[in-house]
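Trainee: Could you take me through one part of this model up close? I'd like to see how a single strand sits among its neighbours.

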Amino acid sequence: VSHPASNRTVDSTSFRHELDARVQPDRLTFSAHATKRLNMRGIQFTPDGLKRIEDAVDRAEAKGSRDALVLAGGLALVVSVENRTVVTVMSRDSMQEAIVTNIDSAVFA
């Protein structure tokens, strides 16, 4: 059975997230929300910066953390440690009076 391409919709962000998780299980992935925040705020990671964040997530995982606040320079990232997924990203400017909930640990990268 053939389906016209116009009738199919693909959420490319979800597909990318799933693909990343299967191809590179030890690497971080970014949720659609986190990706939107990164783009809105013009935040980019250097390879070294991303490695420091991944190492922080590894340390959190070793301690049994499930959801962590990773503080890296002027950024705060909420990470689902179990899924290795960055849920949201805040810059120093957007952290003013912010409250972070549903975390069980904080890690300095």
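Mentor: Sure, here's a walk outward from one strand, β3, to the sheet and the helices around it. Keep in mind that this is a predicted model.

Start with the strand itself. β3 covers residues 75–80 and is mostly covered, with six of its six residues buried. Its side chains split two ways: Leu75, Leu77 and Val79 point one way, while Ala76, Val78 and Ser80 point the other way, and all are buried.

Now look to one side. Strand β2, residues 67–72, runs antiparallel to β3, and six bridges join the two. If you want one pair to click on, take Val70, whose bridge partner in β3 is Leu77. The two strands make a hairpin with two residues between them, and Gly73 in that turn has a positive phi of about 60°.

On to the other hairpin. Strand β4, residues 85–91, is also joined to β3 by six bridges, and this pair runs antiparallel. Here Val79 is a handy marker: its bridge partner in β4 is Val86. Four residues lie between β3 and β4 in this hairpin, and the turn residue Arg84 has a positive phi of about 55°.

Thr85 is worth a stop. This residue lies in β4, and it counts as buried because its relative accessibility is 7%, against a cut-off of under 20%. The Thr85 side chain reaches back to the backbone oxygen of Asn83, at 3.1 Å.

Zoom out and you get an open sheet of five strands, in the order β1-β4-β3-β2-β5, with mixed pairing. β1 (29–30) and β5 (105–108) stand at the edges with a single partner strand each, so one side of each has no neighbour in the sheet. The parallel part of the mix includes β2 and β5, which are joined by four bridges. Within that pair, Leu69 has Ala106 in β5 as its bridge partner.

Helix α3, residues 47–62, packs on the sheet and touches β1, β2, β3 and β5, so your strand is on its contact list; the direction of α3 makes about 145° with that of β2. Helix α2, residues 32–41, lies across β1 and β4 and runs at about 30° to β4.

Back to where we began: β3 has β2 on one flank and β4 on the other in the strand order, and six of its six residues are buried.

Conventions
Residues are numbered from 1 along each chain as its sequence is written. This is a predicted model: local features need pLDDT of at least 70, side-chain atom pairs count only at pLDDT 80 or more; totals for chains, interfaces and linings use all residues. Side-chain values use heavy atoms; hydrogens and water are left out. Buried means under 20% relative accessible area, exposed over 50%, partly exposed in between (1.4 Å probe, protein chains only). Two strands pair if DSSP finds at least two bridges between them. A polar contact is a pair of N or O atoms within 3.5 Å; within protein, one must be able to donate a hydrogen and the other to accept it, and residues adjacent in sequence count only if both atoms are side-chain atoms. Contact means heavy atoms within 4.5 Å. Axes are lines fitted to C-alpha atoms, for helices over the stretch in contact, and angles run from 0 to 180 degrees between N-to-C directions.
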